[in-house]
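Work through the exercises below with the sequence and the coordinates at hand. Each task is followed by a solution in steps.

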Amino acid sequence: MKKKERSPFSLARKGLFILSSSDRTTWDVSEPHHLGHVMQHVVADPRPGGVMLAAARTGHLGPTVLRTADMGTSWTEASKPPAFHTGERLARSVDSVFWLTPGHKSEPGVWYAGAVPQGLFRSDDHGDTWAPVDGWNDHPMWETWAEYPAPATPDGAMLHSVNVDPRDPNHLYLGLSSGGVFESTDGGADWAPLNRGIQADFMPDPDTEYGHDPHCVRVHPADPDRLYQQNHCGFYRLDRPATEWQRVGDNLPAEIGDIGFPVELHPRNPDMVWMFPMDGTEVWPRTSPDGRPAVYRTADGGESWECQANGLPERGWFTVKRQAMTTDASDPVGVYFGTTSGEVWASADEGSNWRCIAQHLPEVFSIEVATPS
Amino acid sequence: MDELLIDLDRRHPGLRFRVVDEQGRLRQHMRFFVNRAMNHGLHDPIDPDDEVVLMQALSGG
């Protein structure tokens, strides 16, 4: 039986590229889709009959969501892209769609989108029409949590890391850069901060309830009580129902540190996680510490970490952004990351060995895996 | 002017939102020229014989 073709999608500043392989050894790189468009996030729906959505805009045209049901052969634009209510009190408008998350498996067709500024939007029809999630966007604390309209992080103040509890469609987590992590247990009608234990060394009160800067937050699909967070101030784990994050990044070597953007999960083992350390010292170059690119993996929930650099360049000065690392569902698991210098690196053995499978692409914003059915 | 855009959007669904945000503001890198004069607002009147050009600064880099 022919193996299903695996296709990591590399989303770049100037278009979408599809990397495909049937054996994870030989890779084809597609021609660009939507060349010149800023493609921030493309996600394939894992639910039966689902579509693939892409968050797109250009420098001059407003933000939109593109949809394909045939793995990118043909695309249609959302007939009602994510947007705030016209005439609303704060007169907010979506600058870009930053994040896409398929909804719960019991709710086919439901998707969530996070935006710049930090709005949350929901579609009930496979991404064709979108509506604001009023419980979040109009929450009495939103302006405070989102620090609106204060000057934002370099790419804008974004809402990211929308996570749906696989046991409960009404249990949601999201991350604000900046603002912190927030949780809803009623389908997004109400929200509460979930930041205890997270350091915020840039705030006057380091034990503040919100105002943190999570870079990436992930809920483990096989153990939804296990959360990991790569934060501006370290790498954390949270085991619910506890509400205090533990800085397991302290177990990384001190000269490497635990600053980075992405968190990537093993699809079946809640204790195995990959992160990509970057230099968060001095003026924050955000390149690998000492210019020596390396992935770090834990197999025990962050209690210990292993350096995985075999095959990576001895010196390199790129950054791996928060959406630019992913895994496939194979055994052994394939791990992939894309760089700001336009390369895609792949490991077919859970990070033990790395190979460059694409180069000379534009800056990679995100990378996701889809396995055609 | 906005009526013109709404009509264009009827013929090319989705066009208006890429040009005008949800609060009715012309997006940053869009400019209307009416009879070759710039800075026409979205709510300014236009005449049936006016020539309207929507210029877009293809920003990026």
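## Exercise 1: Chain B and its contacts

Chain B runs α-α-β-β when its elements are read from the N terminus. The model is a predicted one.

**Task.** Describe the fold content, dimensions and burial of chain B, then characterise its side of the contact with chain A.

**Solution.**

Step 1. Count the elements: chain B holds two helices and two strands.

Step 2. Take the dimensions. Along the principal axes, the C-alpha atoms of chain B fill a box of roughly 35 × 25 × 20 Å. A compact globule with 61 residues would have a radius of gyration near 10 Å, and the 12 Å of chain B agrees with this.

Step 3. Look at burial and contact range. Of the 61 residues in chain B, 13% are buried. Among contacts in chain B between residues at least 6 apart in sequence, 38% join residues at least 24 apart.

Step 4. Turn to the interface. Here 16 residues of chain B are in contact with 13 residues of chain A. The side of chain B that touches chain A consists of five nonpolar, six polar and five charged residues.

## Exercise 2: Strand 1 of chain A

**Task.** Establish how strand 1 of chain A is paired and covered, and place Leu11(A) in these surroundings.

**Solution.**

Step 1. Find the partners. Strand 1 of chain A is joined to strand 27 (residues 364–370) of chain A by six bridges, and the two run antiparallel. Four bridges join strand 1 to strand 2 (residues 15–20) of chain A, also in antiparallel fashion. A hairpin through two residues links strand 1 to strand 2 of chain A.

Step 2. Check burial. In strand 1 (residues 7–12) of chain A, six of its six residues are buried.

Step 3. Separate the faces. In a regular strand the side chains alternate between the two faces of the sheet. On one side of strand 1 of chain A are Ser7(A), Phe9(A) and Leu11(A), on the other Pro8(A), Ser10(A) and Ala12(A); all are buried, and both faces are covered.

Step 4. Follow Leu11(A). Its bridge partner in strand 27 of chain A is Ser366(A), and in strand 2 of chain A Leu11(A) stands opposite Leu16(A). Not counting residues up to four places away in sequence, Leu11(A) touches residues including Met39(A), His41(A), Val42(A), Val364(A) and Ile367(A).

Step 5. Place Leu11(A) in the core. The largest nonpolar core has 102 residues, and Leu11(A), Met39(A) and Ile367(A) are among those with the most contacts inside it.

## Exercise 3: An open sheet in chain A

**Task.** Which strands form the edges of the open sheet of chain A with the order 12-13-14-15?

**Solution.**

Step 1. Read the pairing: the open sheet has four strands, paired antiparallel.

Step 2. Identify the edges. Strand 12 (158–164) and strand 15 (192–193) of chain A each pair on one side only, which makes them the edge strands.

Step 3. Examine one pairing. Two bridges join strand 14 (residues 180–184) to strand 15 of chain A. Phe182(A) stands opposite Pro193(A) in strand 15 of chain A.

## Exercise 4: Thr73(A)

**Task.** Is Thr73(A) buried or exposed?

**Solution.**

Step 1. Locate the residue: Thr73(A) lies in the loop between strand 6 (64–68) and strand 7 (76–77) of chain A.

Step 2. Apply the cut-off. A residue is exposed if 12 or fewer other C-beta atoms lie within 10 Å of its own. Thr73(A) has 8 C-beta neighbours inside 10 Å, so Thr73(A) counts as exposed.

Step 3. Add a distance. The C-alpha atoms of Thr73(A) and Arg247(A) are separated by 44 Å, the residues being 174 apart along the chain.

Conventions. Residues are numbered from 1 along each chain as its sequence is written. Chains are lettered from A and ligands numbered from 1 in the order in which they are written. This is a predicted model: local features need pLDDT of at least 70, side-chain atom pairs count only at pLDDT 80 or more; totals for chains, interfaces and linings use all residues. Two residues are in contact if their C-beta atoms, placed from the backbone, lie within 7 Å. Ala, Val, Leu, Ile, Met, Phe, Trp, Tyr, Cys and Pro count as nonpolar, Asp, Glu, Lys and Arg as charged, and the others, Gly among them, as polar. A residue is buried if 20 or more other C-beta atoms lie within 10 Å of its own, exposed if 12 or fewer, and partly exposed in between; C-beta atoms are placed from the backbone. Two strands pair if DSSP finds at least two bridges between them. The radius of gyration is taken over C-alpha atoms; the globule rule is 2.2 Å times the number of residues to the power 0.38. A nonpolar core is a set of buried Ala, Val, Leu, Ile, Met, Phe, Trp, Tyr and Cys residues joined through C-beta atoms within 7 Å.
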